[in-house]
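Student: Could you take me through the open space in this model, one pocket at a time, and tell me which residues surround it? I would like one connected account.

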Amino acid sequence: MTNIQQLKTILQNAGSIVFFGGAGVSTESGIPDYRSADGLYNTKYAHPPETMLSYSFFLRHTSEFYRFYRDKMLYPNAQPNKAHLALAELEKRGKLKAVVTQNIDGLHQQAGSVNVLELHGSAHRNYCMDCKKQYPLETIIRAEDVPRCSCGGLIRPDVVLYEEGLDGRVMEKAARAMRDAEVLIVGGTSLNVYPASGLIRYYGGGKLILINKSETPYDAYADLLIRENIGETLGACVLEG
Ligand code: ZN
């Protein structure tokens, strides 16, 4: 049996599936991983992304933060790929209980997924740091420089910056989803980013499926290891017959 056939069988028999995904899920939609080696260190920015995406940098160099953020983190025209669509379809069929994602692009919701736990927040939510008024992504894109609220306050994206902690409620929901899952599919992540990577330790179901093009520290624990493109794999299992 091929990997695809095995996965298909597992998904057909599964009562509850949870998906945990990282940047690799969105690269097929044309959103590059900002941590990727060929990227930013060779570009016009003087600091590494971990610095430019930190909370202290945001406060001290807000204009430069937004220049980088708009340039490298926002892809308003990106469309969901087969991975997003397949997961939305599995949820519609009642099999998939939650998508846990490290991405901030909102593509799972755009594909139709409802229960999406965004560990790092969302670029689609933004708020004034003074009066908490909410703003859409559009406001950030359209602002000439630093986006300002009608009250004059600074607008920030509702994304988790370096130096900031993850949202405890989201983490708790994600941990519970992992613990209750019968099948856990992990895809498009190297599982190196702490503490999100620690989440999969909550899973004890015995059907861990890892789909990633490169090696991960958890490969040895996988019950099914697929070293393929995630969109193609999930698409073939769910969307194509
Ligand atoms: Zn305000």
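Tutor: To describe what a lining is made of, Ala, Val, Leu, Ile, Met, Phe, Trp, Tyr, Cys and Pro are counted as nonpolar, Asp, Glu, Lys and Arg as charged, and the others, including Gly, as polar. The model is predicted, with local features needing pLDDT of at least 70 and side-chain atom pairs pLDDT 80 or more, while totals for chains, interfaces and linings use all residues. Residues are numbered from 1 along each chain as its sequence is written, and side-chain values use heavy atoms, without hydrogens or water.

The second largest pocket (an open set of points on a 1 Å grid where a 1.4 Å probe fits, with protein on both sides within 12 Å along at least five of seven lines) holds about 310 Å³ of space. It is lined by 20 residues (those with an atom within 4 Å of a point), and Glu118, Gly121, Arg125, Asp167 and Val170 are the closest to its centre. Eight of the lining residues are nonpolar, four are polar and eight are charged. Strand S3 (116–118), strand S4 (121–128), strand S6 (155–159) and helix H9 (168–180) each contribute at least two lining residues; helices here are DSSP runs of H or I with at least four residues, and strands are runs of E with at least two.

The largest pocket encloses about 1,000 Å³. Of its 50 lining residues, Ala23, Asp33, Tyr34, Arg35 and Asn103 lie closest to the centre. Helix H2 (24–27), helix H5 (62–73), helix H7 (107–111) and strand S4 are the elements that supply two or more residues to this lining, so S4 contributes to the linings of both pockets. The largest pocket's lining divides into 25 nonpolar, 17 polar and eight charged residues.

Turning from the pockets to charged pairs, the model contains ten salt bridges, each being a side-chain nitrogen of Lys or Arg within 4 Å of a carboxyl oxygen of Asp or Glu. One of them joins Lys82 and Glu232 at 3.7 Å, N to O, and this pair links distant parts of the chain, with Lys82 in helix H6 and Glu232 in helix H10, 150 residues apart. Lys82, Glu232 and Glu240 are linked in a network of salt bridges. Glu138 and Arg142 form another, at 3.1 Å, N to O; because they are four residues apart in helix H8 (residues 137–142), about one helical turn separates them.

Key:
Points joined across faces, edges and corners; volume = space filled by probe spheres on them.
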